[in-house]
Amino acid sequence: MTLQEKKIYGLIGYPVKHSLSPVMHNAAFQVLKINAEYKLFELKPQDLESFLESLPKENIHGLNVTIPYKEKVLPFLDNISSEAELIGAVNTIRVSHSKLEGFNTDGDGFLRHLKEDLRFDPAGKIIAIIGAGGAARAVSVSLSNYKPKIIAIYDVDKTKTLDLVSHLKDNFKNIEFKAADSIEELNTQISDLLVNATPIGMKESDPCLVNKKFMHKNLLVYDLIYNPGETKLIKLAKQMGARTSNGLGMLLYQGVRSFELWTGRPTPIKIMRQALEGAMKKL
Ligand code: NAP
């Protein structure tokens, strides 16, 4: 009898060393007694293509993809899911019969956390998003599948805002999409949900992007950042009586979906959640 070789999974990006993904995936492999390990691969841009080509030979069966490669991997994949195509980025690669398949589980992860844990139904709601980068694309596409009334988007880079709004308008009818020129123009006073999809809030020196007069008790403020667990935005929202969430739930559920795609097994969500929460306490 030959011992089955350990399957390798992992995360590619630059940098990746502070990622919590290994903790949650390795906890899931362990509890399901799957002979596999999730590793971090910090890749320089010039090494991306050769690394992706080497996956079958290196016994790597699946990858998560983070900044700056979510769009850059697209030309090297054999096929991509319709959702990843709509979002324009891939955060999960599955290696199947030496072919590379791309998926995007970020939007799915965000929506699952929003609907199942936070009990927020986007249908008919007014939504404001700060940022128009990769995460905002995933979040806005996924929200649009659930028929909100209005999605307003603001990014410091006006071209990115306009590109995303025009892409959404082309793909989703009966939803009003607005390109805001400032955070004030997002009109969060009348919004049900405010999403921070920028990295502003990760550093102690970062400002709070939203003034307190734009917060209210009926607003859910969702910051995609999970480290720190409480950004200045979340603190202010709490003070003003708004509901809040950081991005840990999104991280969990995007990982859950990736795990399902790789293993085809029901995912031990509780174990993955506990592993993440334990790791957060040590940060
Ligand atoms: P990204 O592609 O770099 O997009 C961020 C966007 O925000 C950029 O277009 C950036 O513009 C814009 N921006 C920066 N400062 C701004 C400001 N003051 N006001 C308005 N827009 C501003 O990054 P990303 O991949 O979308 O990630 C965004 C955040 O989401 C990160 O903190 C990331 O860690 C988090 N995230 C969390 C999860 C999760 O599972 N919880 C998953 C994915 C991402 P410039 O490029 O011009 O600076």
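Guide: Let's start at the ligand: a polar side-chain atom of Lys160 lies 2.8 Å from one of the ligand's oxygen atoms. A pair like this is a polar contact (N or O atoms within 3.5 Å). Before we go on, this is a predicted model, so local features need pLDDT of at least 70, side-chain atom pairs need pLDDT 80 or more, and totals for chains, interfaces and linings use all residues. Residues are numbered from 1 along each chain as its sequence is written, and side-chain values use heavy atoms, with hydrogens and water left out.

Visitor: Which atom of the ligand is 2.6 Å from the side chain of Asp155?

Guide: An oxygen atom, and its partner in Asp155 is an N or O atom of the side chain. With Gly247 the backbone takes part: one of its polar backbone atoms is 2.9 Å from a nitrogen atom of the ligand.

Visitor: Which residues come nearest to the ligand?

Guide: Being near takes a heavy atom within 4 Å. Here 24 residues are around the ligand, and Ala135, Asp155, Lys160, Leu224 and Gly247 come nearest. By class, this shell holds 15 nonpolar, 5 polar and 4 charged residues. Asp, Glu, Lys and Arg count as charged; Ala, Val, Leu, Ile, Met, Phe, Trp, Tyr, Cys and Pro as nonpolar; the others, Gly included, as polar.

Visitor: Where does the ligand sit?

Guide: In the largest pocket; sitting there takes more than half of its atoms within 2 Å of the pocket's grid points. A pocket is an open set of points on a 1 Å grid over the protein atoms alone, where a 1.4 Å probe fits, with protein on both sides within 12 Å along at least five of seven lines; lining residues have an atom within 4 Å of a point. This pocket's volume, the space filled by the probe spheres, is about 1,500 Å³. Its lining has 46 residues, and Thr66, Ile67, Lys70, Met202 and Tyr226 are the closest to its centre.

Visitor: Which elements each supply at least two residues of that lining?

Guide: Strand S3 (60-65), helix H5 (134-144) and helix H8 (248-263) do. Elements are DSSP runs, with at least four residues (H or I) for a helix and two (E) for a strand. The lining divides into 27 nonpolar, 13 polar and 6 charged residues.

Visitor: What about the second largest pocket?

Guide: That one holds about 200 Å³ of space. Strand S1 (7-13), strand S5 (92-96) and H8 each give at least two residues to its lining, which includes Tyr9, His61, Arg94 and Trp262. The classes come out as 4 nonpolar, 4 polar and 4 charged.

Notes. A polar contact is a pair of N or O atoms within 3.5 Å; within protein, one must be able to donate a hydrogen and the other to accept it, and residues adjacent in sequence count only if both atoms are side-chain atoms.
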